[in-house]
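Trainee: I am new to this structure and would like a close look at one part of it. Please take me through the surface that meets the DNA, then move on from there.

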Amino acid sequence: MPIVRVALDVPVFAPFDYLAPSAEPGDVGRLAVVPFGRRTLVGVIVALAEKASVEGVRLKPVSRILRDLPPLPGDVLALAAFCSDYYHHPLGQVLATLLPQRLRRSSPVRLTEPLWRLTEAGWAVDPATLPPRAALRRRLLAALRVEGNLSREALLALSPSAPQVIRDFLARGWVERANAPLRVQAPPRPYRPDTPPPLTREQQAALDAVRAGGAGFVPWLLLGVTGSGKTEVYAHLIADALAQGRQALLLVPEINLTPQTEARFRSRFPEAVIVSLHSHLAEGERLRHWLLAAEGRADIVLGTRLAVFAPLPKLGLIVVDEEHDASFKQQDGLRYSARDLAVVRAQQREVPIVLGSATPSLESWHNAVNGRYRLLTLSTRAVQAARAPRLTLIDLRREPVTDGLTAPLVRALKERLKRGEQSLVFVNRRGFAPALACPACGWLAGCPRCAAKLVVHLREKRLRCHHCGHGAVIPRQCPACGAFELTPLGQGTQRLERALQRFLPQARILRVDRDSTRRRDALPEMLRQVQAGEVDVLVGTQMLTKGHDFPRLTLVGIVNADSGLYSADFRASERLFAQLLQVSGRAGRACAHGEVLIQTAFPGHPLFAALAHGNYREFANTLLAEREALGLPPFTFQALLRAEAHRMESTLDFLRKAQALAPRLPGVEVYDPVPALLPRLAGKERAQLLVESASRGLLKQFLSTWLPVLRRHQVRNVRWALDVDPLEP
DNA sequence: ACAAATCAGACC
DNA sequence: GTCTGATTTGTA
């Protein structure tokens with residue numbers, strides 16, 4: 001009697017066996033609905049067997065094998081297995097994180113997609129009666145008349161906002177919904193490359209190099225200064241892949257970036273099927289996109305870290321854009337690095353992979369220096385007139401500060417305003433002020449659940465914790481000494497916005513941070529306003545530093561750059577440098593006189609000198625030498641055992657016990673438990689234990705013997721998780 | 001003496 | 001993770 005081994009979303013490493021009379025080899029990778037205890041779960045069949053793996057257990061039969069869905073291909077199963085092994089996470093839980101949520105419910109999946117067609121009322125509409133500006137509505141009506149019906153794909157090909165217009169048509173009763181089977185084969189579309197802009201010599205050289213590298217596994221690191229046209233290189237490589245009938249996977253850091261990038265690729269590849277994959281998609285949409293990828297019908301898959309697991313039968317190329325970005329590392333549950341897994345996947349599938357960045361992670365840079373990755377460089381800006389911006393430091397020890405701003409910065413802003421150019425003021429704190437203090441007794445408003453200060457949000461007249469979301473009203477008087485006149489301390493985006501309004505009363509100021517862009521479509525609308533020149537001064541957080549192209553922007557002001565200069569986190573300077581270089585790159589994307597002003601109390605710090613030269617290599621090599629001397633990553637490999645409990649003593653007790661249980665292995669160092677950087681979060685007291693080795697193999701061997709022991713010595717009320725290759729200390 | 005709280009272990 | 005039955009702890 002055939003048996004299937006099913007990996008389930010439970011914290012158990014081994015799969016579970018079930019009887020499956022009808023199972024056949026093709027069912028490996030398929031989902032199976034199975035009884036588990038008194039529950040019913042959906043798991044993945046990872047193997048077939050003739051004999052049960054445990055003796056003396058009465059096997060239950062599977063309830064159902066979902067044969068309507070395409071099975072997870074072997075390479076995705078292999079990647080999941082690698083992931084389970086490398087990150088020491090149960091296979092079933094790895095598979096659960098990579099599958100669209102919709103598939104994990106035992107209710108059947110409807111494999112249809114909506115088709116829109118005109119109703120009689122719709123046919124009766126005379127396009128000429130529509131307002132003259134309703135061009136898209138007229139185009140949609142015309143397309144519906146000609147095609148008979150339109151899929152979502154077809155709608156998006158017409159315009160990214162077509163689905164909204166269709167909703168409006170539906171409300172008016174002009175169209176109706178029909179369902180078409182999703183698995184209908186897409187018509188073969190001969191791919192015609194369109195006419196791209198001319199390449200710079202460097203872009204051409206990069207492209208030639210990758211082409212010469214062939215179709216097999218070659219890892220490339222594309223070091224391209226801001227504005228050098230990395231995306232154009234990606235586009236040509238993707239075009240090559242599509243022309244060979246293969247799929248391309250493009251990973252980007254955040255969802256914010258996706259709509260813009262998606263629109264760009266859509267107009268670049270009008271005939272290609274492009275789907276996005278990220279966690280903010282509606283369940284149904286994510287499933288649809290995933291299935292289109294799995295069936296090979298999606299030519300380009302554009303997504304955030306979870307897209308690294310997308311089934312792609314015809315994969316021909318992987319691109320990881322902004323590869324240094326921390327959002328490629330998942331920070332809870334399965335703590336995987338999508339960038340690292342992308343390299344593993346490229347190797348498994350024997351396809352080239354391009355990691356692109358203006359400021360690569362030191363890990364990748366190290367790999368380029370030691371020859372594991374091949375380096376491609378774009379050092380000149382693609383727009384002829386553009387130059388690297390001039391950088392000036394403003395010494396905060398000499399210049400007086402009013403509301404966070406120094407006179408030279410205000411002067412520079414006024415100058416740009418007079419010339420009709422745009423400026424950007426960058427602060428890394430949202431809200432009004434990062435703290436509320438009592439000047440009389442020194443009391444600070446702290447979060448009751450976290451070891452953090454509450455942030456003043458003046459607009460909502462509330463204090464908020466940015467770590468756990470806790471909110472409180474702003475007190476009238478100091479709870480410690482009763483004094484009135486509590487003062488906000490430090491600068492947030494809201495406070496700077498207000499200060500700028502006072503300094504520059506005629507300026508049109510726009511604040512861009514997580515609070516001002518909460519509403520759906522708020523960010524794209526703001527970006528449009530900036531593009532259209534309806535804004536003079538932008539105030540914002542790092543949200544503004546990424547990828548956006550503002551041709552009219554000539555000045556970037558950085559209010560305070562010092563937080564990352566002398567930090568407990570050894571990666572802080574790497575991150576600060578990347579961030580400052582990125583935000584500086586916003587100035588002068590299309591002109592010769594871009595300028596960056598940085599307010600700092602440490603103008604002598606070497607980071608600024610490197611930044612002034614715009615020299616990534618110099619700085620990266622300095623940092624690498626430092627890391628090597630100190631025995632830090634990428635020269636050593638780390639794993640962090642993170643634990644939390646109600647009280648710090650329990651957390652530390654557990655970690656001390658874990659330390660005592662650690663196997664002794666020469667070449668692997670186990671450090672003492674220490675409280676986390678944020679020792680209290682949401683009422684939990686956190687601490688961690690660092691394990692380090694110069695050898696990845698030894699570290700893995702250590703973890704493989706240690707973790708099973710730890711699991712057997714579970715301590716009540718202490719939760720713990722292992723973070724392999726942690727990014728945060 | 002009984003109920004509530006806690007715990008180890010299975011779950012296939 | 002969720003659930004079970006067994007054991008410990010608490011209370012009348």
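Which side chain has an N or O atom 3.0 Å from a base nitrogen of DNA strand C?

Mentor: That side chain belongs to R39. Keep in mind that this is a predicted model. Start with DNA strand C. The residues around this strand are V10, P11, F36, R38, R39 and R719. They divide into 3 nonpolar and 3 charged residues, with no polar ones. R39 faces a base nitrogen of strand C at 3.0 Å, through an N or O atom of its side chain. R38 takes another target. An N or O atom in the side chain of R38 is 2.7 Å from a phosphate oxygen of DNA strand C. Now look at the DNA side. Among the atoms of strand C within 4 Å of the protein, 47% belong to sugar or phosphate, and the rest to bases.

Turn to DNA strand B. Around it are V12, F16, D17, Y18, P35, F36, G37, V54, V57, L59, K60 and R716. F36 appears in this list, and F36 is also listed around strand C. The surface near strand B divides into 8 nonpolar residues, 1 polar and 3 charged. Two strands of the protein, β2 (16-19) and β3 (31-36), each supply at least two residues of that surface. β2 gives the most, with 3 residues. Of the atoms of DNA strand B within 4 Å of the protein, 60% are sugar or phosphate atoms, and the rest belong to bases.

Three contacts are worth finding on strand B. K60 has a polar side-chain atom 2.3 Å from a phosphate oxygen of the strand. G37 uses its backbone: one of its polar backbone atoms is 3.1 Å from a phosphate oxygen of strand B. D17 also uses its backbone. A backbone N or O atom of D17 lies 2.4 Å from a sugar or linking oxygen of DNA strand B.

Next, leave the DNA and find the cysteines. An unreviewed UniProt entry annotates C447, C450, C465 and C468 as "binding site". These four span 22 residues in sequence, yet no two of their C-alpha atoms are more than 8.7 Å apart, so they gather at one spot. Take C447. This residue sits in the loop between β20 (435-437) and β21 (455-457). C447 has a relative accessible area of 7%, so it is buried. Beyond its close neighbours in sequence, up to four places away, C447 touches A452, L454, C465, C468 and H470. Now take C465, in the loop between β22 (462-464) and β23 (471-473). C465 is buried too, at 3% relative accessibility. With residues up to four places away in sequence set aside, C465 touches C447, C450, L454 and H470.

A second set of cysteines comes from the unreviewed UniProt entry. The "binding site" annotation there covers C438, C441, C478 and C481. They are spread over 44 residues of sequence, but they cluster in space, with a largest C-alpha distance of 8.6 Å. C438 lies in the loop between β20 and β21. At 2% relative accessibility, C438 is buried. Apart from neighbours within four places in sequence, C438 is in contact with W443, C478, C481, A483 and L486. C478 lies in the loop between β23 and β24 (487-489). C478 is buried as well, at 3% relative accessibility. Not counting residues up to four places away in sequence, C478 touches C438, C441, W443, A483 and L486.

Two more places deserve a stop. One is helix α8, residues 230-243. At 1.5 Å a residue, its 14 residues should span 20 Å, and its end C-alpha atoms are 20 Å apart, which agrees. Of these 14 residues, 11 are buried, so α8 is largely enclosed by the rest of the structure. Among the buried ones are V233, Y234, L237 and I238, and also K230, E232 and H236. After α8 comes G245, with a positive phi near 75°.

The other stop is Q599, in strand β28 (residues 595-600). Q599 is buried, with a relative accessible area of 1%. A polar atom of its side chain lies 2.9 Å from the backbone oxygen of G404. Leaving aside neighbours within four places in sequence, the contacts of Q599 include I394, L396, G404, L405 and T406, along with I558, V559 and N560.

Technical notes. Residues numbered from 1 in each chain as written. Chains lettered and ligands numbered in written order. Predicted model: local features only at pLDDT ≥ 70, side-chain atom pairs only at ≥ 80, totals over all residues. Heavy atoms only, no water. Near = heavy atom within 4 Å. Polar contact = N/O pair within 3.5 Å; in protein donor to acceptor, adjacent residues only side chain to side chain. Nonpolar A, V, L, I, M, F, W, Y, C, P; charged D, E, K, R; others polar. UniProt positions renumbered as here; feature names shortened; annotations may be inferred. Helix = DSSP H or I, 4+ residues; strand = E, 2+ residues; numbered from the N terminus. Buried < 20%, exposed > 50% of the residue type's maximum accessible area, 1.4 Å probe, protein only. Contact = heavy atoms within 4.5 Å. Expected span 1.5 Å × (residues − 1).
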